[in-house]
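Morning, everyone. I have one structure to walk through today. Please bring it up on your screens.

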Amino acid sequence: MSKRDYYEVLGLSKSATADEIKKAHRKLSMKYHPDRNKEPDAEEKFKEVQEAYEVLSDPQKKASYDQFGHEGANGGAGFGGFGGGADFGGFGDIFDMFFGGGGNRRNPNAPRQGDDLQYTLQIDFKEAVFGKEMDIEIPKEATCSKCDGSGAEPGSKVETCHTCSGTGQQEVVQNTPFGRVVNRRVCPTCKGSGKIISVKCSKCHGTGKERIRRKIHIKIPAGVDDGARMRVSGEGELGINGGPPGDLYIILRVKSHEFFERDGNDIYCQIPLTFAQAALGDEIEVPTLDGKVKLKVPAGTQTGTEFRLRGHGVPYLNRPTKGDQYVKVLVVTPTKLNDRQKELLRELAEISGEGVHGSSESSFFDKMKKVLRGEM
């Protein structure tokens, strides 16, 4: 079976530069690598790509191939250059991509940051508005107080792992179609710790950690809202192998208020008015987050009218300004009237030209009939 043109294999023209040849090789190697591509012909295509690259990446071999074709390339060095631990001709770049350089995996004894923790904290409505300093207790890991993190019972012997010589890694040598590959894995004897503990600590059972409840002082800023997230640096779980601890994230849940409602940085409330107050006007006291304030209600105010109190809302985070408070007035209809009150209302209705004893209701239906007849 005749070989395909090397330029065709890499999807290039004969005028391709060395950089273009290298980029094409890396892309196709990633695509057809047997560890990633499980198609039946992936391995053959991978070998074909490597063979093409080994020739075209070498100026001397490339010149010979351009002049004499595959015969010229065979006179140099074919794909066999991969064997016997010889130069990989760029193949090492592929190992860098898959294994982080030379087939090495992450060192299990390398310092790593600890996990982050999340804690949900419920606070009152006004605590969210004005902010608060407080102490909270969170469950978290700490260095074992008995063995000081060694995992061994005090006074017992701790030996260096004989399998990995304390590295926590074991080298595995494999002979593959592409050459001799050295891969590093977590040592099965010590599980990556690099040490063998003869007697485990009775308190932490060899983990070197214990569960505690830690008290942390926090400051909730004024103006936080429900669902806000606070980050406390370094108060997460312990780091691994001497790495830094993780962080603590506090999720705030704000209780609702019996009187106030919040929308962003604005506050809303409803205030009842008597019929006389709405009709004649009045000056009333309105509760706000900062205390009571005076509000002037003009004569003839209708139910549902909304008044704005500037600067009586919720503080903006890290800013000196506040939102506003909106007051909706609701005119309350009296349900229990004495004879004198009824007489005065009838007199008011007569003076105003308004009917009583159902006349207003019939007037409403008369208007509705006119609308249906198209007269209004």
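Let me start with a cut-off. Buried means under 20% relative accessible area. Take Cys147. At 7% relative accessibility, Cys147 therefore counts as buried. Keep that residue in mind; we will come back to it.

One caution before we go on. This is a predicted model.

Now the overall picture. The chain has 376 residues, and buried residues make up 31% of them. DSSP runs give 10 helices and 15 strands. The chain exposes about 23,400 Å². Carbon and sulfur atoms supply 49% of that area.

What about contacts along the chain? Take the contacts with a separation of 6 or more. Of these, 63% come from residues 24 or more positions apart.

Back to the cysteines. How many disulfides does a search of the whole structure find? Zero. Look at Cys144 and Cys147 to see why there is no bond in that pair. The closest cysteine sulfur to that of Cys144 is in Cys147, at 3.6 Å, which is too far for a bond. The cut-off for a disulfide is sulfur atoms within 2.5 Å. The reverse holds too: from the sulfur of Cys147, the closest cysteine sulfur is in Cys144, at 3.6 Å. As for exposure, Cys144 is buried, with a relative accessible area of 1%. Cys147 is buried as well, at 7%.

Next, the sheets. In general, strands of a sheet pair through backbone hydrogen bonds, either parallel or antiparallel.

Start with the open sheet of three strands. Its order is 1-9-8, and the pairing is mixed. Strand 1, residues 117-123, and strand 8, residues 229-232, are the edge strands, each pairing on one side only. From one strand to the next, the twist averages 25°. Strand 1 pairs with strand 9, residues 248-254, in the parallel sense. Seven bridges hold that pairing. To find the register, pick Thr120: its bridge partner in strand 9 is Ile251.

Now the open sheet of four strands. The order here is 10-11-15-14, again with mixed pairing. Its edge strands are strand 10, at 261-263, and strand 14, at 306-309; each pairs on one side only. The twist averages 30° from one strand to the next. Strand 10 and strand 11, residues 266-274, run antiparallel and are joined by three bridges. For the register, use Asp263, whose bridge partner in strand 11 is Asp266.

There is also a hairpin. Strand 12 and strand 13 form it, with two residues between them. Strand 12 covers residues 282-288 and strand 13 covers residues 291-297. They run antiparallel, joined by seven bridges. Val286 has Val293 in strand 13 as its bridge partner.

On to the helices. Helix 3 runs over residues 42-56, which is 15 residues. Does its length add up, or what should we expect? At 1.5 Å a residue, helix 3 should span 21 Å. The expected span of a helix is 1.5 Å times one less than its number of residues. The end C-alpha atoms of helix 3 are 21 Å apart, which agrees.

Which residues of helix 3 are buried? They are Ala42, Phe46, Val49, Gln50, Glu51, Ala52, Tyr53, Glu54, Val55 and Leu56. As a reminder, an α-helix has 3.6 residues a turn, so residues three or four places apart point the same way.

Zoom in on Val55, which lies in helix 3. Val55 is buried, with a relative accessible area of 2%. Now find Tyr65. Val55 and Tyr65 are 10 residues apart in sequence, and their C-alpha atoms are 7.6 Å apart in space.

One last stop, at Tyr6. Tyr6 sits in helix 1, residues 6-10. Buried or exposed? Tyr6 is buried, with a relative accessible area of 3%. Then look across to Gly69. Tyr6 and Gly69 are 63 residues apart in sequence. C-alpha to C-alpha, Tyr6 and Gly69 are 9.2 Å apart in space.

That is the tour. Thanks, everyone.

Terms used
Residues numbered from 1 in each chain as written. Predicted model: local features only at pLDDT ≥ 70, side-chain atom pairs only at ≥ 80, totals over all residues. Heavy atoms only, no water. Pairing = 2+ DSSP bridges. Axes fitted to C-alpha atoms, helices over the stretch in contact; angles between N-to-C directions. Buried < 20%, exposed > 50% of the residue type's maximum accessible area, 1.4 Å probe, protein only. Contact = heavy atoms within 4.5 Å. Areas by Shrake-Rupley, 256 points an atom, 1.4 Å probe, with all protein chains shown as cover.
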